[in-house]
Amino acid sequence: MANMVAIREEDLIESIADALQYISYFHPMDYIRALGAAYEREENPAAKDAMAQVLANSKMCAQGHRPICQDTGIVNVFLKWGQNCRLDSDKSLQEVVDEGVRRAYNHAENKLRASIVADPAFTRRNTKDNTPCTMAVEMVPGSTVHVDVAAKGGGSENKTKFKMMNPSDSIVDWVLEMIPQMGAGWCPPGQIGIGIGGTAEKAVLLAKQSLMDEIDIHEVKARGPQNDIEALRIELYDKVNALGIGAQGLGGLTTVLDVKIQDWPCHAAGKPVAMIPNCSATRHAHFVLDGSGPSFLETPNLDEWPDVSWAPDAQAKRVNLDTLTHEEVQSWKHGDRLLLNGKMLTGRDAAHKRIQDMLARGEELPVDFRGRAIYYVGPVDPVMGEVVGPAGPTTATRMDKFTDMMLDLGLLAMIGKAERGQGATQVIAKHKVAYLMAVGGAAYLVARAIRESKVLAFEDLGMEAIYEFSVQDMPVTVAVDSEGNNVHQLAPLVWKERIARETETA
């Protein structure tokens with residue numbers, strides 16, 4: 001029997017902490033190359049502008065060592081533990097890995113947003129340090145420990161789909177039915193991971209693990225599929241992109257950069273299938289421990305980032321939020337690009353729920369919403385003299401059920417990520433107001449537009465408190481105008497038809 005290799009507790013902790021800091025500000029290079037190529041191919045100006053924001057944000061984060069996205073994710077750790085290795089610790093493996101997460105998320109120079117809540121069905125109390133992580137361990141032959149770490153944003157994680165299929169059911173048909181239902185809250189373009197087989201929980205794990213693999217769909221297409229899984233990947237890649245959903249759901253040529261698939265034998269009576277998207281804040285890394293010390297990831301070459309800069313569109317309309325009127329809001333048309341200036345409020349899930357409860361009890365609200373705009377955001381804590389940390393938008397559909405209540409309070413505009421549901425769109429049209437979309441995955445870029453920040457109410461909610469931001473030239477797109485025209489419904493239809501026509505004539 002081979003000599004046992006001792007993996008020191010501190011080595012694993014340091015390696016986990018380093019990897020999580022690393023992925024908070026460095027995209028994987030395969031993603032950057034794939035997104036850069038998609039940007040060059042894109043023909044829809046709105047989608048191209050959204051990708052430019054993501055690419056410019058990515059390089060800014062790499063240079064400034066600040067988070068790509070304000071949602072710094074739930075930590076997923078996948079360990080392949082060599083059977084000749086032992087953990088030199090009196091703590092459990094979960095406790096050791098969680099200490100690495102704790103150190104990463106409380107790093108003084110790049111504090112990451114704590115998003116994890118305990119007691120999920122009831123009090124939903126924030127654990128303050130983003131622990132515990134979700135961990136999967138596989139014992140394998142050998143004398144090394146292979147570790148994949150990923151930080152998965154809620155906007156993409158919440159779009160996970162699962163179905164216990166009958167053996168004869170079509171996976172392709174199901175995926176093409178689910179992708180439009182997922183909307184754009186997962187911040188496309190990204191990747192889709194699919195797990196087939198095993199049991200319910202195994203299929204979901206396979207889907208998540210598949211997203212750790214490098215983007216290689218164009219190489220597979222160029223040489224041709226070598227097995228049925230590769231043929232299925234190509235078919236889904238082509239058919240999903242043909243839906244025309246595009247970057248941020250604005251319509252366009254690229255919705256997915258790759259489709260990854262892993263499978264496992266399953267019971268003859270069923271076919272479990274899970275699908276998980278990876279958003280534009282794709283964050284994962286791999287390292288190996290062999291007992292010789294911690295593993296630190298190598299800094300990528302910043303020259304490898306595409307030379308894509310972003311500046312406000314010369315055609316964009318400048319808006320003064322401090323003098324905003326119903327008449328001005330009603331002049332905006334879906335698809336218009338705006339540059340917001342002045343003071344806006346912030347608020348998301350917990351703040352909206354508290355407002356609802358206060359109104360039900362007849363209590364006076366601490367904030368006057370009349371004539372204001374509200375931004376759905378939960379920013380990262382500021383460091384080193386920042387006004388605010390990365391502060392990109394959160395998924396707007398989570399606020400749909402509160403929309404009528406908030407518009408009754410006098411709001412004129414809402415700003416968030418991705419589409420609104422049909423019910424919220426109808427409410428927006430009833431009140432003759434507008435919903436504006438900011439680009440998800442460009443949080444550091446958006447934060448540069450925020451010149452002042454102060455907490456107005458609900459300070460105990462942390463990142464979910466109501467802030468007042470003063471902004472200068474914050475870029476947004478009119479996603480739902482005062483007539484109820486919804487760019488996330490209309491634009492993909494145009495591009496789906498255009499792609500179909502071009503495919504027929506090719």
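Biologist: Buried here means under 20% relative accessible area, and exposed means over 50%. With that in hand, is N278 buried or exposed?

Modeller: This is a predicted model, so take what follows as computed from it. N278 has a relative accessible area of 5%, and because that is under 20%, N278 counts as buried.

Biologist: Which strand is N278 in?

Modeller: N278 sits in β11, the strand that covers residues 271-278.

Biologist: And what is N278 in contact with, leaving aside its neighbours within four places in sequence?

Modeller: N278 is in contact with K152, W186, G190, Q191, L211 and H284. W186 comes up again, since K159 touches W186 too.

Biologist: OK, K159 then. Where is K159 found?

Modeller: K159 is in a loop, the one that runs between α5 (154-157) and β8 (161-165).

Biologist: A lysine in a loop. What is the relative accessibility of K159?

Modeller: For K159 the value is 13%, which means K159 counts as buried.

Biologist: What else does K159 touch, not counting residues up to four places away in sequence?

Modeller: Besides W186, K159 touches M182, G185, M275, P277 and E419.

Biologist: How far apart in space are K159 and K239?

Modeller: From C-alpha to C-alpha, K159 and K239 are 19 Å apart, with their positions 80 residues apart in sequence.

Biologist: Let's zoom out. Which domain annotations does UniProt list?

Modeller: Two of them, both from an unreviewed entry. The UniProt record gives "Fe-S hydro-lyase tartrate dehydratase alpha-type catalytic" for residues 14-287, and "Fe-S hydro-lyase tartrate dehydratase beta-type catalytic" for residues 291-489.

Biologist: How far apart are the end C-alpha atoms of residues 14-287?

Modeller: They lie 12 Å apart, and that span is 39% helix and 24% strand. For residues 291-489, the end C-alpha atoms lie 54 Å apart, with 21% helix and 24% strand.

Biologist: How many helices and strands does the protein have?

Modeller: The protein has 15 helices and 19 strands.

Biologist: What radius of gyration does the protein have?

Modeller: The radius of gyration is 23 Å, and a compact globule with 506 residues would be near 23 Å, so the two agree. The C-alpha atoms fill a box of roughly 80 × 55 × 50 Å along the principal axes.

Biologist: What percentage of the 506 residues is buried?

Modeller: Buried residues make up 57% of them. The accessible surface comes to about 20800 Å², and 50% of that belongs to carbon and sulfur atoms.

Biologist: What about contacts between residues at least 6 apart in sequence?

Modeller: Of those contacts, 76% join residues at least 24 apart.

Biologist: And charges? How far apart are the mean positions of the positive and negative ones?

Modeller: They are 3 Å apart, taken over 52 positive and 68 negative charges.

Biologist: Back to the backbone. Which peptide bonds are cis?

Modeller: One is the bond from T131 to P132, with omega near 0°. P132 is in the loop between β5 (125-126) and β6 (134-140). Another cis bond joins P188 and P189, where omega is about 5°. P189 is in the loop between α6 (171-182) and β9 (190-197).

Biologist: What is phi of D119?

Modeller: Near 55°, which is positive in a residue other than glycine. R124 is another such residue, with phi near 50°. D119 lies in the loop between β4 (117-118) and β5, and R124 lies in the loop between β4 and β5.

Biologist: Now P379. Where is that one, and what does P379 touch?

Modeller: P379 is in the loop between β15 (373-375) and α12 (403-408). P379 counts as buried at 3% relative accessibility, and touches residues including Q70, R113, M463, Y467 and F469.

Biologist: Last one. Which helix is W495 in?

Modeller: W495 is in α15, residues 487-505. W495 is buried, with a relative accessible area of 8%. Among the residues W495 touches are E43, N44 and L253.

Key. Residues numbered from 1 in each chain as written. Predicted model: local features only at pLDDT ≥ 70, side-chain atom pairs only at ≥ 80, totals over all residues. Heavy atoms only, no water. UniProt positions renumbered as here; feature names shortened; annotations may be inferred. Helix = DSSP H or I, 4+ residues; strand = E, 2+ residues; numbered from the N terminus. Rg over C-alpha atoms; globule rule 2.2 N^0.38 Å. Buried < 20%, exposed > 50% of the residue type's maximum accessible area, 1.4 Å probe, protein only. Contact = heavy atoms within 4.5 Å. Areas by Shrake-Rupley, 256 points an atom, 1.4 Å probe, with all protein chains shown as cover. Lys, Arg positive; Asp, Glu negative; His and termini not counted. Charge placed at Lys NZ, Arg CZ, Asp CG, Glu CD.
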